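User: I am beginning to study protein structure and would appreciate a close look at a single part of this model. Please take one strand as the starting point and then connect it with its surroundings.

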Amino acid sequence: MSTHYRTYLVVVGKNDLIVNSKWPTISTVDKLLLQQSSFVNNAIKEFRQRRDAKLNPKKKDPKKALLPPKAATIYFTKKYPEWKEKAINLMRKLYESNNSTLPDNREIMELLNTTQLPEKKEVMPFVQFVRERVAQNGSAALSVNEDFDQKYVLEQIRDYLLCTLQLEKLDIVDIANATENAKEVVEVIKSCSPGSPLIIYNFEMK
């Protein structure tokens, strides 16, 4: 019988036989890096969808056709509005007391309805939004504080954003410093959440 050929395979960079080598070890998972990666992927997906929805509406009107935008502004925020912080704090307590699992939305809503939240119509969509982020990022999604510098991350991929969104100009603005009063900007400021930046394109008619 011949000796199994794999006995003579050697580990790259080592002088010993592979049969005498240990399994490779992996470093500790960098959860913050994963969170930043998820942030980038989700943001780019949202930016593309918003652009495509404007350029290709379900009901097309030739008189309202738009040219592809050449400029845009990304808005981000470091802090939730007070009512959203209350909702997240409650959801975090439920998550921690329920073996790292959120109860169904109905139970969460029943508890939130006792807290006198001002934005009643927006509570359920926000609860679902947080639930989806928890499914993706775990307990980190239940933090009311900014876990990393969003502007820094967005600036690092500025060239890629310009390329993939086919833009010539891109501004990145903290909503705390936003000065425009246009209806679309006001809606973005109202909807923006930490870790979920929104974009407004400068469209022109054809």
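Analyst: A residue is called buried when its relative accessible area is under 20%, and exposed when that area is over 50%. With these cut-offs in mind, strand β4 can be examined in this predicted model.

Strand β4 covers residues 198–201. Leu 198 and Ile 200 point one way from the strand, whereas Ile 199 and Tyr 201 point the other way. Such a pattern belongs to regular strands in general, because their side chains alternate between the two faces of the sheet. In β4, all four of these residues are buried, whichever way they point.

The strand has a partner. Strand β2, residues 71–76, is joined to β4 by four bridges, and the two run antiparallel. Within this pairing, Thr 73 of β2 has Ile 200 of β4 as its bridge partner. Ile 200 is thus a residue to locate in the display, being both buried and bridged to Thr 73.

Just before β4 in the sequence, Pro 197 leads to another part of the chain. The C-alpha atom of Pro 197 is separated by 9.6 Å from that of Leu 154, although their positions lie 43 residues apart along the chain. Leu 154 belongs to helix α5, residues 150–156. Its relative accessibility is 1%, so Leu 154 counts as buried, the cut-off being 20%. Apart from neighbours within four places in sequence, Leu 154 is in contact with Phe 39, Ile 74, Leu 161 and Ile 172.

Helix α1, residues 31–55, offers a further buried position, Ser 38. The relative accessibility of Ser 38 is 13%, and the residue therefore falls in the buried class. When residues up to four places away in sequence are not counted, Ser 38 touches Gln 136 and Asn 137.

Helix α4, residues 120–137, also packs against α2. The axes of α2 and α4 come within 11 Å and cross at roughly 50 degrees. The two helices are therefore oblique to each other, and their crossing is right-handed. From α2, the contact is made by Trp 83, Lys 84, Ala 87, Ile 88, Met 91 and Tyr 95. From α4, Glu 122, Val 123, Phe 126, Val 127, Val 130, Arg 131 and Val 134 take part. Of the residues in this contact, 10 are nonpolar, three are charged and none is polar.

Two loop residues provide a contrast with the buried positions. Asn 99 is found in the loop between α2 and α3, and Gln 166 in the loop between α6 and β3. Each has a positive phi of about 55 degrees although it is not a glycine. Asn 99 has a relative accessible area of 71% and is therefore exposed. Gln 166, with 53%, is exposed as well.

Finally, the strand may be placed in the whole chain. The protein chain has seven helices and five strands, and along the sequence these follow the pattern α-β-β-α-α-α-α-α-β-α-β-β. Buried residues make up 33% of its 206 residues. Among contacts between residues at least 6 apart in sequence, 73% join residues at least 24 apart.

How values were computed. Residues numbered from 1 in each chain as written. Predicted model: local features only at pLDDT ≥ 70, side-chain atom pairs only at ≥ 80, totals over all residues. Heavy atoms only, no water. Buried < 20%, exposed > 50% of the residue type's maximum accessible area, 1.4 Å probe, protein only. Pairing = 2+ DSSP bridges. Axes fitted to C-alpha atoms, helices over the stretch in contact; angles between N-to-C directions. Parallel < 35°, antiparallel > 145°, perpendicular 65-115°, else oblique. Left-handed = near helix turned anticlockwise from the far one by under 90°. Contact = heavy atoms within 4.5 Å. Nonpolar A, V, L, I, M, F, W, Y, C, P; charged D, E, K, R; others polar.
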